[in-house]
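Dear colleague,

Please find below the structure that I am handing over to you, together with its sequence. My account of what was found in it comes after.

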Amino acid sequence: MKKLVVLISGNGSNLQSILDACASGRINGSVAAVFSNKESAYGLTRAQQASVPGLALSPGDFPDREAFDRQLMQEIDAFEPDLVVLAGYMRILSSAFVAHYHDRLLNIHPSLLPKYPGLHTHRQALENGDKEHGTSVHFVTDELDGGPVVLQARVPIFPGDDEAEITARVQHQEHAIYPLAISWFMDGRLVMRKGKAWLDGQPLPAEGYAP
């Protein structure tokens, strides 16, 4: 059975959706370990409840980002994962880390990429008067939130919505599409090749898979 390692920084709601999908067989694989850059992350409790090793590394214990990432890579590699999944991991990765897991590193970002890379995406969508928002699963490259998109989900923005309402609406979709994209990878259907995401031997368009 293939294995994945999940990186988190907070509550771990996407981690929970992944754990549930593995338990139900919707993902043909298992979560080998969960890592966080914050000891207080509730996602580590979720891992413990699922009998999955949960480990925290504090950035303050390392002289720089590169040293932190070197140790993190060593810890991850001990579990021999087929895929590394970022699920609300709020650290910018070093180039060495991205290169080490090239073609097997996925992230989910709360916007319809390439719109709104970085932070505060829901706030930006509200301030700009957008009528829709969403979330994107993508392969990770050195460009921040700039890797090829695998799959997106769109949600409406209604008059009077606040950030909390949009966040909840987007997360509901994240919990559906992230396990799906991971299952494609674990089944050998999804790969990154020549800077593009490919599904079932066909290159995906810029916005990812569209049924």
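The notes below go from the whole chain to one helix and then to single residues in loops. Please bear in mind that this is a predicted model.

The whole chain

The protein chain contains six helices and 10 strands. Its radius of gyration is 17 Å, which agrees with the value near 17 Å that a compact globule of 211 residues would have. Along the principal axes, the C-alpha atoms occupy a box of roughly 45 × 40 × 35 Å. Of the 211 residues, 48% are buried. When contacts between residues at least 6 apart in sequence are considered, 62% of them join residues at least 24 apart.

As for the surface, about 10,200 Å² of the protein chain is exposed, and carbon and sulfur atoms supply 50% of that area. The chain carries 18 positive and 25 negative charges, and the mean positions of the two sets are 4 Å apart.

Helix H1

Helix H1 covers residues 13-24. At 1.5 Å a residue, its 12 residues should span 16 Å; the end C-alpha atoms are 17 Å apart, so the model agrees with the expected span. The buried residues of H1 are Ser13, Asn14, Leu15, Ser17, Ile18, Leu19, Ala21 and Cys22. Which elements cover them? Strands S1 (2-8), S2 (29-36), S4 (83-86) and S5 (105-109) are included in that cover, as are helices H2 (42-49) and H6 (163-186). Just after H1 comes Gly25, which has a positive phi of about 90°.

Two loop residues, one exposed and one buried

Leu119 is placed in the loop between S5 and helix H5 (121-127). Its relative accessibility is 54%, and Leu119 therefore counts as exposed, the cut-off being over 50%. Beyond its neighbours within four places in sequence, Leu119 is in contact with Met90 and Gln124. Met90 is 29 residues away from Leu119 along the chain, and their C-alpha atoms are separated by 9.4 Å.

Asp161 is found in the loop between strand S7 (149-156) and H6. Is this residue buried or exposed? Asp161 has a relative accessible area of 13% and is therefore buried, as the limit is under 20%. Leaving out residues up to four places away in sequence, Asp161 touches Leu126, Pro156, Ile166 and Arg169. Leu126 and Asp161 are 35 residues apart along the chain, with 8.1 Å between their C-alpha atoms.

Backbone details in the loops

Most residues other than glycine have a negative phi, and most peptide bonds are trans. Three places in this model depart from that pattern, as set out below.

- The peptide bond from Leu113 to Pro114 is cis, with omega near 10°; Pro114 is located in the loop between S5 and H5.
- Ser51 has a positive phi, near 60°. Ser51 sits in the loop between H2 and strand S3 (54-56), and is exposed, with a relative accessible area of 68%.
- Lys194 also has a positive phi, near 55°. Lys194 belongs to the loop between strand S8 (190-193) and strand S9 (196-199), and is exposed at a relative accessible area of 79%.

With kind regards

Methods
Residues numbered from 1 in each chain as written. Predicted model: local features only at pLDDT ≥ 70, side-chain atom pairs only at ≥ 80, totals over all residues. Heavy atoms only, no water. Helix = DSSP H or I, 4+ residues; strand = E, 2+ residues; numbered from the N terminus. Rg over C-alpha atoms; globule rule 2.2 N^0.38 Å. Buried < 20%, exposed > 50% of the residue type's maximum accessible area, 1.4 Å probe, protein only. Contact = heavy atoms within 4.5 Å. Areas by Shrake-Rupley, 256 points an atom, 1.4 Å probe, with all protein chains shown as cover. Lys, Arg positive; Asp, Glu negative; His and termini not counted. Charge placed at Lys NZ, Arg CZ, Asp CG, Glu CD. Expected span 1.5 Å × (residues − 1).
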